[in-house]
Amino acid sequence: MRIWLRHHRQAFAAALGKIAAQRASSAVSALVIGVALALPAAGYTLLESVRALTGRMALDPQLTVFLRGNAARGDVDALAARIKSDPRVAASRFVPREQALKELASVEGLTDVVGALESNPLPDAFVLRARDPDAQAIDALATDLRREPSVEHVQADTAWARRLAAVTRLARVAVLLLAGLLGFGLVAVTFNTIRLQILTQRDEIEVSKLIGATDGFIRRPFFYLGLLQGAGGGLLALAIVWGTLALLNPQIAALAASYGANFRVAFPPAFSTFAVLVLAAALGWLGAYLSVSRYLREIQPR
Amino acid sequence: MISFSGVSKRYPGGQEALKNISFAVQAGEMAFLTGPSGAGKSTLLKLIPAIERPSSGSVVVNGQNVGALTPAAIPYLRRHLGIVFQDQKLLYDRSVYDNVLLPLAFSGVAPREAARRVRAALDKVGLLGREKANPVQLSGGEQQRVAIARAVVNRPAVLVADEPTANLDQESALRIVEIFVAFHQVGVTVLIATHDQGLAARFGQRILRLAAGRLASTEAGA
């Protein structure tokens with residue numbers, strides 16, 4: 001056990017030594033990996049923020065049922081009972097036309113417009129919340145309510161929320177594909193740098209095999225090298241994402257504020273940060289593993 | 001300690017390097033393996049650390065049938081052998097000290113103990129003062145002594161050397177063989193291959209003579 005630990009410490013030190021000895025090329029490899037990983041990481045971060053936004057909207061399954069202006073009191077009461085007894089409706093609120101006008105008048109900029117009206121053009125309305133936030137369920141409920149005789153119009157604005165959700169789903173798949181491709185690239189980059197490293201250390205490997213080094217002993221430093229290179233690239237990718245967000249977020253917030261919205265791209269949470277690092281290190285290790293399995297076998301001393 | 005029985009080695013392509021070789025070197029014995037170049041000396045020595053495998057017959061080293069070892073077991077066999085290669089196989093990207101340290105890293109010797117053993121090995125070959133030098137700065141004889149120090153740093157019971165005196169002047173060559181004799185005197189089993197019959201004869205040890213892949217004669221030591 002002590003020997004095993006010592007071997008790992010030695011291999012780790014050897015890998016660090018190699019990185020230190022080839023600072024420039026190690027830095028370039030880490031940079032390549034870092035930039036490659038920064039793209040999907042940034043995309044993912046952006047998507048998470050947008051998803052949080054659309055999630056909030058989709059979770060607000062609100063329908064507005066406008067009644068005919070000539071609807072009789074009895075019909076309105078019947079409809080209220082009908083809505084209350086519908087199991088698909090979670091909550092409902094009756095908004096009399098007078099109140100609707102008052103609410104409209106309280107909206108900034110519309111006060112004067114409302115004051116200029118001779119009569120109240122607004123109908124009575126029910127505002128209800130569907131139990132099932134799914135867009136299809138909301139549409140079905142809206143269709144049923146439209147059939148009621150006293151209903152003039154049902155507004156269930158699920159369409160644009162659905163469109164946005166579809167776009168984010170699409171973007172999500174695209175980011176995943178990008179991440180897959182660039183992850184593959186990371187493995188390829190590590191594969192190649194480890195291959196070069198094996199070739200430059202050919203003599204050492206050959207001599208080591210001849211005088212009693214196990215294959216495990218010879219492989220270990222290369223695994224650590226791949227691992228460290230991947231982790232270094234991951235760290236760089238995170239730094240790029242954080243730096244970019246720090247620079248862009250004030251601008252994004254200013255832009256959103258001009259639309260009266262409060263939106264900024266959230267920094268990746270600790271878990272995602274950790275996941276990116278672990279994934280990058282694992283892919284680096286994988287590249288090293290493939291390279292070592294492929295090229296170390298070729299070095300058979302004679 | 002080393003025993004060959006009915007060993008033949010045929011390389012792919014049909015060339016038969018060794019034909020039906022049988023001999024044994026006892027524990028603590030020193031022997032020379034002589035013969036002209038191409039007689040099969042290197043091939044024979046390569047069978048001992050399982051760098052090559054016999055086509056038929058068996059090679060037993062330290063009680064282990066070397067030809068039957070699994071690839072995973074070979075490193076452990078090699079650690080218990082001191083091997084001096086024909087081309088020395090030193091690493092020129094590191095100091096003499098680090099060259100000798102290399103085998104100790106594999107077996108996981110503690111750093112302080114390793115440093116002690118490396119100095120002891122360099123001391124035995126008379127190179128203690130050159131430990132920081134790069135092997136390229138050393139003469140041919142000195143490089144050969146570094147290779148010997150690396151071979152003995154793990155304190156092997158068996159020492160095998162392939163042409164350790166090739167390309168050396170008479171004086172350096174004698175010095176090298178004397179180092180091997182000194183190890184033999186403290187109980188190490190030593191087998192040295194050399195094409196130099198005169199040199200082999202000077203030390204009064206057993207001589208195995210190879211010719212065209214066959215064991216032509218054996219001379220008992222004085």
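**Exercise 1. Follow the partners of strand E1 in chain B.**

Five bridges tie E1(B) to strand E4 (residues 56–61) of chain B, and the two run antiparallel. Your task: work out which residue stands opposite B:Phe4 in E4(B), and which strand pairs with E1(B) over six bridges.

*Solution.* Before we start, this is a predicted model: local features need pLDDT of at least 70, side-chain atom pairs count only at pLDDT 80 or more, and totals for chains, interfaces and linings use all residues. Residues are numbered from 1 along each chain as its sequence is written, while chains are lettered from A and ligands numbered from 1 in the order in which they are written.

Step 1. Helices (H or I, at least four residues) and strands (E, at least two) are DSSP runs, numbered from the N terminus. Two strands pair if DSSP finds at least two bridges between them.

Step 2. Look across from B:Phe4 and you find B:Val59 in E4(B).

Step 3. Strand E1 (residues 2–10) also pairs with strand E2 (residues 16–25) of chain B, antiparallel again, over six bridges. Here B:Arg10 stands opposite B:Glu16 in E2(B).

Step 4. The hairpin of E1(B) and E2(B) has five residues between the strands, and B:Gly13 in it takes a positive phi near 110°.

**Exercise 2. Describe how H3(B) and H4(B) pack: how do they cross, and which residues meet?**

*Solution.* Step 1. The axes of H3 (residues 96–107) and H4 (residues 111–124) of chain B come within 9 Å and cross at roughly 120°. Axes are lines fitted to C-alpha atoms, for helices over the stretch in contact, with angles from 0 to 180 degrees between N-to-C directions.

Step 2. The two helices are therefore oblique to each other (under 35 degrees counts as roughly parallel, over 145 as roughly antiparallel, 65 to 115 as roughly perpendicular and the rest as oblique).

Step 3. From H3(B) come B:Tyr97, B:Val100, B:Leu101 and B:Leu104; they meet B:Ala114, B:Arg117, B:Val118, B:Ala121 and B:Leu122 in H4(B). Contact here asks for C-beta atoms, placed from the backbone, within 7 Å.

Step 4. Sort those residues and you get eight nonpolar, no polar and one charged. Ala, Val, Leu, Ile, Met, Phe, Trp, Tyr, Cys and Pro count as nonpolar, Asp, Glu, Lys and Arg as charged, and the others, Gly among them, as polar.

**Exercise 3. Lay out the four-stranded sheet of chain A: which strands stand at the edges?**

*Solution.* Step 1. The sheet is open, with order E2-E3-E1-E4 and antiparallel pairing.

Step 2. E2 (89–95) and E4 (151–155) of chain A stand at the edges; each has a single partner strand, so one side of each lacks a neighbour in the sheet. From one strand to the next, the twist averages 20°.

Step 3. Now the inside pair: E1 (residues 62–67) and E3 (residues 125–130) of chain A share five bridges, with A:Phe66 opposite A:Ala125 in E3(A).

Step 4. Add the helices. H3 (residues 73–85) of chain A lies across E1, E2 and E3 of chain A, at about 160° to E2(A). H6 (residues 135–146) of chain A touches E1, E3 and E4 of chain A, its direction making about 170° with that of E4(A).

**Exercise 4. Is B:Thr34 buried or exposed?**

*Solution.* Step 1. Find B:Thr34 in strand E3 (residues 30–34) of chain B.

Step 2. Count its surroundings: 25 other C-beta atoms lie within 10 Å, so B:Thr34 is buried (20 or more means buried, 12 or fewer exposed, in between partly exposed, with C-beta atoms placed from the backbone).

Key:
Contact = placed C-beta atoms within 7 Å.
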